[in-house]
Amino acid sequence: MTNTQAEQAAAARRAEEGTAVEAGSKATERFTASGKLAKLEVPKERVSLLAGAAIKAINDIAVEHQVTYEEYNALKAWLIKVGTDGEWPLFLDVWLEHTIEDVNSKDRPGAASTIEGPYYVPGAPVLQTPATLEMREDEEGTPFLLKGRFTDTAGNPIQDAQVEIWHADAAGYYSQYAPGLPEWLFRATVKADENGYFEINTKRPAPYQIPTDGACGQLIAAAGWHAWRPAHIHIKVSAPGYQLVTQQLYFPGDPHNEDDIASAVKPELMLEPKPRADGGEGEEAVYDYVLAKEGEHK
Ligand SMILES: [Fe+2]
């Protein structure tokens, strides 16, 4: 095969499978278009405090570890590549968001939360419970029923609650980020009933590696780390007058529950799947949500 043929074959494969650079760029495009940038207001005093502390921390590392010019230039080249690959959202969501999330949720009672990650898409189709997420014909994977109930911190049912759910398919790909998948595959907004109950039929997602062919993958390879996230279902739960909770639910026994690249696993987020109570194919798990009212804190 000539170079040109090899390049064409590689390009065709990339077009079919997608690349980290595409996934990273999409996360950047979506963040830019999300509207989150329009309302950013950070007072000068906080900018000075936080930027100053960050710069000092990096300088302290340079002294502590006697950083060479070779390492400094490798850092410069890599930082440039994170930007050109569009991977700043990926980098930040994998290695920093878990701490930001901990800081911001520590005073909220009720359901445990964790990071949103880079693959959330607002405005998914609205379904009434009991709901079945969009799937392809002959969709691979174990059928999985997630059901639960919403209550407030006093144990009263919550009305008008909803579950926004999104997750990867059985090959570890997300719709709207990997090419060739239906737009709303494994994405929906499910409305609970008047007593706060919900049921969602889906398929178990697969563990996946974060994109490895961009700057973040380059760092992982250069450091000898792994890129795996354990299998998980992303969730946002909300109801009018209550605080939104963003979280992920995990499956026991996944080898990467202990060493998630994104450090987003918590014991309270572990599901307990059981055989279907109705004798149907697959598994089910119950996960109940306690939501805190707006302004309510521990
Ligand atoms: Fe994910």
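I began with strand β9, which is mostly covered: seven of its seven residues are buried. I am working from a predicted model.

**Strand β9**

I looked at the two faces of β9 in turn. One side carries His232, His234, Lys236 and Ser238, and these are all buried. The other side carries Ile233, Ile235 and Val237, and these are buried too. Both faces of β9 are therefore covered, since buried here means under 20% relative accessible area.

Next I checked the partners of β9. It pairs with β4 in the antiparallel sense, over six bridges. I noted one bridge there: Val163 has Val237 in β9 as its partner. β10 also runs antiparallel to β9, and six bridges join these two strands. Here His234 stands opposite Gln248 in β10. I then followed the chain from β9 to β10 and found a hairpin with six residues between the strands. Gly241 sits in that turn with a positive phi of about 85°.

**Cores**

I looked up the largest nonpolar core, which has 39 residues. Which of them touch the most other members? They are Phe150, Ile235 and Tyr289. I listed the strands that each supply at least two residues of this core: β3 (143-152), β4 (162-167), β5 (187-191), β6 (197-203), β9 (232-238), β10 (245-250) and β13 (289-291). Apart from this core lies another, of 18 residues. Its members include Tyr119, Trp184, Ala227 and Ile261.

**Thr129 and Pro130**

I moved to the loop between β1 (126-128) and β2 (131-132), where Thr129 lies. Thr129 counts as buried because its relative accessibility is 19%, and the cut-off is under 20%. Its side chain reaches the backbone nitrogen of Glu199 at 2.7 Å. I also listed the contacts of Thr129, not counting residues up to four places away in sequence. They are Val190, Lys191, Ala192, Asp193, Tyr197, Phe198 and Glu199.

I checked the peptide bond between Thr129 and Pro130 and found it cis, with omega about -5°. Pro130 is in the loop between β1 and β2 as well. I flagged the bond because most peptide bonds are trans.

**Positive phi values**

I then looked for residues other than glycine with a positive phi. I did this because most such residues have a negative phi. Asp160 has a positive phi of about 60°. It is found in the loop between β3 and β4. Is Asp160 buried or exposed? It counts as exposed, because its relative accessibility is 55%. Gln176 has a positive phi too, near 70°. This residue is in the loop between β4 and β5. Gln176 is buried, with a relative accessible area of 14%.

**Helix α7 and Glu87**

I turned to helix α7 (residues 215-223). Ala215, Cys216, Gly217 and Ile220 are buried in this helix. What covers them includes α4 (69-84) and α5 (88-95). Gly224 follows α7, and its phi is positive, near 75°.

I looked up Glu87 next, in the loop between α4 and α5. Glu87 is buried, with a relative accessible area of 0%. Where does its side chain reach? It reaches the backbone nitrogen of Cys216 at 2.7 Å, and Cys216 is one of the buried residues of α7. I also took a C-alpha separation: Glu87 and Pro157 are 70 residues apart along the chain, and 41 Å separates their C-alpha atoms.

**Pocket and cavities**

I finished with the open and closed spaces. The largest pocket holds about 1,000 Å³ of space. I counted 26 residues in its lining. Phe31, Lys36, Asp93, Glu97 and Glu116 lie nearest its centre. α2 (20-33), α5 and α6 (97-105) each supply at least two lining residues. The largest share of this lining comes from α6, with five residues.

I found two cavities of 30 Å³ or more. The largest cavity has a volume of about 90 Å³. Of the 14 residues that line the largest cavity, Gly117, Pro118, Tyr119, Tyr208 and Arg229 are the closest to its centre. Tyr119 is also a member of the 18-residue core. The largest share of the cavity lining, three residues, comes from α5.

Methods. Residues numbered from 1 in each chain as written. Predicted model: local features only at pLDDT ≥ 70, side-chain atom pairs only at ≥ 80, totals over all residues. Heavy atoms only, no water. Helix = DSSP H or I, 4+ residues; strand = E, 2+ residues; numbered from the N terminus. Buried < 20%, exposed > 50% of the residue type's maximum accessible area, 1.4 Å probe, protein only. Polar contact = N/O pair within 3.5 Å; in protein donor to acceptor, adjacent residues only side chain to side chain. Contact = heavy atoms within 4.5 Å. Core = buried A, V, L, I, M, F, W, Y, C linked by side-chain atoms within 4.5 Å. Pairing = 2+ DSSP bridges. 1 Å grid on protein atoms, 1.4 Å probe; cavity = no way out; pocket = protein on both sides within 12 Å on 5 of 7 lines; lining within 4 Å. Points joined across faces, edges and corners; volume = space filled by probe spheres on them.
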